Amino acid sequence: MGNDMDISNASPSAAAKFLSETNLYLAPDPEIMNNHGLERRTAYEDQCIAKENDPVRLEIVRERLLAGVNESYDMLENMGAAPGAKWGDCVSAVYTASGDLSLASSGGVVIFCNLVQYPIKFINKYWTGDTSVGVKQGDVFIVNDARYGQAHNTDQSMMMPVFHDGALVAWAGATVHEGENGAIEPGGMPSLAEQIWDEGLKMSPFKVAENYQLRRDLVTFLQNSVREPKLQYSDMKVKMYVCRRIETRIHEAIAEYGVEAVVASLRMNLEDTDAEVRRRLQEWPDGTVRHAWWTDGTLRENVQIKINLEMTKKGDELILDYRGSSPEFTNRSNNSLDVTVKGMLAQLFLTFLWPDIPRNQGVLAPMTFIFDNPSVLKPGFGTPSAQSMMTVFTAWSAAQVAVMKFIYSNPHKYTRVVAPWFNMINTFLFGGLTQHGEMVGNVCADINGMGGGALADRDGQHGCAPIFATMSDLGEQEFIEEEVPFIQIVSKKMMTDNQGFGAHRGGMGYQMILAMRDSPAFGFMLTAMGAKFPNVPGLFGGYGCPTYPLARIQNIDVFDILKTNPGSFRYSIEELMNERPFADAVYSTHPMFLGYTLAQRGELYMIAQGTGGGFGDPLDRKPEDVMRDMDEKLISHDVAWRIYRVVYDKTTLRVDSEATKAARDEARRERIARSKPYKDFVADWVKSKPSAKVPYYGSWDDRTMVHAGSPDKLHPAAQVNPPVVMANPLQVKIDKLQAELAALHGAKGRA
Amino acid sequence: MKVFVTAALNIDLTHEVWECSNCNHNLGPARGNYKTGLLVQERLPQDIHAPILDQEKYDFTFAPDADWCRILEYCCPNCGHLAEVEYLPPGHPPAFDIELDIDALKAQWAEREPLTAAVLGPDVTPLTHTH
């Protein structure tokens, strides 16, 4: 008898088969998730390219396919039920058979489709050969778990294989920021999530439709798991038919040009983009640019979190090294997966730097990313990341600054250098029963109203676009109010002095004053950073944005006030809060994070969107531009003098040019007199560790060592032990109150 | 030959020095940190981003918190032109933010036409937006 435990003579394929069939759980595959580059050319792609390699013909095919994708994007935006779909926070795309993103729609969110490569590759690897699943024509798969490849769990993607003569030739995909996903808070972006299971739906890639029919049992399960069953169903239908339209257009292109031309076009689109990006990187100077920035909270508490970037360009390669950034927060949702960081950076290069090259993942192929593992930008498998925007947007802005410092000197540019765009989601999330009796949970389109950065020769644009979707929209407020039970009493009104100062100023953010009505149960939440430390800097001598609070006025019904005493209302946050026109009201300010809170009818919630960074020395700003801002009430007299040093007639706004020149010359002399040589300054200024006043996370002067909440908690990066576990803020408050009570009782002699 | 590295700082490749783009003042070796040739002052953040809400009444006023943030202003010692603004936590070491490979830069520009000013890049005129 032989030894039946001896497998030394078993064939490798038998061992692999055994292991694949006995895998207990198919978690995200590191081999897939750690590779943002292009898949190897397949033998079939080689054959197709050997036959079809005329660049002009391939470009014609590419444009034909792109027209189909753009058509599908229009469908998605027009038919999608989620607010995110209506205002452009969605995308559709074509992928190669191997799963590489080859053609994204011209509008929409690049990061979404960049990340869909990962679940497609997972499906290819695990479900194609699995007899219990399989991949066939007419199948559609769905995913929302960010760890398998999504920006965050509030997005849902659907993917459809495209076959020709029985062979897989491409994939179609559609993604929407759906919002509601059954998380611990409504709206899909739960700040309260302390575990991944608080984040709502955790859809690994699975088949949800066969023969172009959604499986009603699975749809029902998903509807049963979220607060908006109608939205879940309707947008699954929309995304499936968007994929189907892409499939149709691919089939039509195949019929006209042949399958080899289509496959070759999709592959060469990636390789050509990679080659062109390498050529463009050659134009940059070789060297290193360093930029660090800090966010000021986890959405549960204010803490200082460092995002550290060292960007090195050499030849035709770019290295983005984020080591030295904060440790991960194991029970907070503000961590960002590394794939999310990479996807967002694809957005930076494809829309802010090289908008003329095809939108596909070839753009990242020449780039290398380095993270501490684990860290806030590469958290562990069980660490929440539902609010990844809180750190990934800062990582994006750090890269934007670094890139601008690399490209300013280039004699050939593809876009203009721009100061940092505002980068935070200064908007309201909402949830509850609408005036129509429906349960909803989602986000206001004002997320898209971020102020643009200033340019070298012009001011930034107000309320322009979010950093993640340069071709999105803000929507019509009146239209929105037909669907949800709150009104923006002040909407899209610029806020005086909310400006990124500079020779050219940043585009400004507008204020929003809203109040709930017509619902028995409706609430708001806020999920933004930047109440203590600004979110973005300026560029080349320009200043960044200010900080942004939430302001509230409670114990009033503004609708009664507007009916009975409308003259007492004030139409700006500044006037309402500083003048306090309502006698019995309670006025308060808070950080820009607020856990889901039920609203009372008529109480006021007030925030401002952010401004982009300024460009250049404010003393170089043309006085007439300062006066135009004055005339438009964008700045006050205080700013016109304190920042811009303009001398003018306050009634007519007529500038005294000579006096202004003299005042600015004097301001520069004062600047020199107040300043020190760098070495002397640094000797006084630099401290060996962070202040004990502020909980600090991340490196200080050595990126191999990171602080974990205090000056003396210092650990090697990626080896923070014990890991960062934050206390429940409510418990912190209770403990503080109990200590005060104990002190009081002690003073009275009670035990 | 000059390379216009930022809107405020040039590198004179011939002499391998940083210089102020406003007055051409020599700011030190191009292989080093340009900041060493500049003057610096620390500003309280509220001196730039003044409170919009009454700071006597509220904790959060649109002004950054000085315990969390300070602003460093770097200017040319000759003309006072602002070259860089850096936001940092109090006491955090300033960044050596631009460190270029000067030999590679020389080789790169040996193949290029000299410029007299930075190139802005292509202009874009937004289309009128209508609903």
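Tutor: Helices are DSSP runs of H or I with at least four residues, strands are E runs of at least two, and both are numbered from the N terminus. The model is predicted, so local features need pLDDT of at least 70 and side-chain atom pairs count only at 80 or more, while totals for chains, interfaces and linings use all residues. Residues are numbered from 1 along each chain as its sequence is written, with chains lettered from A and ligands numbered from 1 in the order in which they are written.

Student: Where does E481(A) lie?

Tutor: E481(A) lies in helix α12 of chain A, residues 477-481.

Student: Why does E481(A) count as partly exposed?

Tutor: Buried takes 20 or more other C-beta atoms within 10 Å of the residue's own, exposed takes 12 or fewer, and partly exposed is in between; C-beta atoms are placed from the backbone. E481(A) has 16 C-beta neighbours inside 10 Å, so it counts as partly exposed. Its C-alpha atom is 9.9 Å from that of Q435(A), 46 residues away along the chain.

Student: What makes T704(A) exposed?

Tutor: T704(A) has 11 other C-beta atoms within 10 Å, so it is exposed. It sits in the loop between β22 (696-698) and β23 (705-708) of chain A.

Student: Which residues is T704(A) in contact with, leaving aside its neighbours within four places in sequence?

Tutor: P716(A) and A717(A). Contact means that the C-beta atoms, placed from the backbone, lie within 7 Å.

Student: How many residues of chain A are in contact with chain B?

Tutor: 66 residues of chain A, against 62 residues of chain B. On the chain A side, β8(A) (287-295) gives the most, with 7 residues. That side divides into 28 nonpolar, 17 polar and 21 charged residues. Ala, Val, Leu, Ile, Met, Phe, Trp, Tyr, Cys and Pro count as nonpolar; Asp, Glu, Lys and Arg count as charged; the others, Gly among them, count as polar.

Student: What makes β8(A) and β8(B) a pair?

Tutor: Two strands pair if DSSP finds at least two bridges between them. β8(A) and β8(B), residues 98-100, have 3 bridges, in the antiparallel sense. One bridge partner is E99(B), opposite T288(A).

Student: How do you know that β6(B) and β7(B) pair?

Tutor: β6(B) (residues 70-75) and β7(B) have 6 bridges, in the antiparallel sense. L72(B) has E86(B) as its bridge partner. The two strands form a hairpin with 6 residues between them. In the turn, G80(B) has a positive phi of about 75 degrees.

Student: Why is β7(B) called mostly covered?

Tutor: 6 of the 7 residues of β7(B), residues 82-88, are buried. Over chain B, 41% of the 131 residues count as buried.

Student: How does the radius of gyration of chain B stand against a compact globule?

Tutor: The radius is taken over C-alpha atoms, and the globule rule is 2.2 Å times the number of residues to the power 0.38. For 131 residues that gives near 14 Å, but chain B has 20 Å. Its C-alpha atoms fill a box of roughly 60 × 50 × 25 Å along the principal axes.

Student: What pattern does chain B follow along the sequence?

Tutor: The pattern is β-β-β-β-β-α-β-β-β-α. That is 2 helices and 8 strands.

How values were computed:
Contact = placed C-beta atoms within 7 Å.
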